[in-house]
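Subject: Structure for your review

Dear colleague,

Please find below the structure that I promised to pass on to you. A summary of what was found in it follows, and I would ask you to read it with the structure open beside you.

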Amino acid sequence: MIFPLKTRKLIRGAQAHIVANLGSAADYQADYVPLFAPCDGEIDTWQGEQGGNWLRVIKPNGDKIEFAHLSQYSKLAGECKEGELIAVTGNTGKVTTGPHLHIQAFAWVNGLGSRVDPEEYFK
């Protein structure tokens, strides 16, 4: 598994998201840059009021990695391969103060899916 951006600069980590009642997630500096598939998997996309354009990669083991505030998609659905261009980061949605990448990761532990710290997930 790879980190989905060429440059990794954390803006706001999981603890700050949790304190703000947003659940475990992380925001990274990403000013309209390419987003790459972190792993092989299946892509799903949707639009939401707060996060704007979303993309989810579902790994073969069931883990889900979600990305928000995207400006454009390279793929809307279907299979992806690790390292493949899947989107461009951006500033979509109502809850954003500028271009960045919001990441949420859901890992399967003991048969249950739960949100985990993206910084730990991408170690």
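I begin with a cysteine. Cys 39 has a relative accessibility of 5%, so it counts as buried, the cut-off being under 20%. Please keep in mind throughout that this is a predicted model.

Cys 80 is likewise buried, with a relative accessible area of 2%. In general terms, a disulfide is a covalent bond between the sulfur atoms of two cysteines. A search of the whole structure finds 0 disulfides. For Cys 39, the nearest cysteine sulfur belongs to Cys 80 and is 6.1 Å away, and Cys 39 is in no disulfide. A pair counts as a disulfide when the sulfur atoms are within 2.5 Å. Cys 80 is in no disulfide either, and its nearest cysteine sulfur is that of Cys 39.

The next topic is strand β5 and its neighbours in pairing. Strand β5 covers residues 52-58, and 6 of its 7 residues are buried, so the strand is largely enclosed by the rest of the structure.

On one side of the account stands strand β4 (residues 41-48), which pairs with β5 in the antiparallel sense over 7 bridges. You can locate this pairing from Ile 43, whose bridge partner in β5 is Val 57. The two strands β4 and β5 form a hairpin, with 3 residues between them.

Strand β6 (residues 64-68) also pairs with β5, in the antiparallel sense and over 4 bridges. Here Leu 55 has Phe 67 in β6 as its bridge partner. The hairpin of β5 and β6 has 5 residues between the strands, and in this hairpin Gly 62 takes a positive phi near 100 degrees.

Finally, I turn to the largest pocket. Which residues lie nearest the centre of the largest pocket? They are Arg 12, Leu 22, His 69, Val 95 and His 102, out of the 21 residues that line it. The space in the largest pocket is about 400 Å³. Its lining consists of 6 nonpolar, 11 polar and 4 charged residues. Strands β1 (10-12) and β10 (100-109) each supply at least two residues of that lining. The largest share, 3 residues, comes from β10.

Yours sincerely,

A colleague

Key. Residues numbered from 1 in each chain as written. Predicted model: local features only at pLDDT ≥ 70, side-chain atom pairs only at ≥ 80, totals over all residues. Heavy atoms only, no water. Buried < 20%, exposed > 50% of the residue type's maximum accessible area, 1.4 Å probe, protein only. Pairing = 2+ DSSP bridges. 1 Å grid on protein atoms, 1.4 Å probe; cavity = no way out; pocket = protein on both sides within 12 Å on 5 of 7 lines; lining within 4 Å. Points joined across faces, edges and corners; volume = space filled by probe spheres on them. Nonpolar A, V, L, I, M, F, W, Y, C, P; charged D, E, K, R; others polar.
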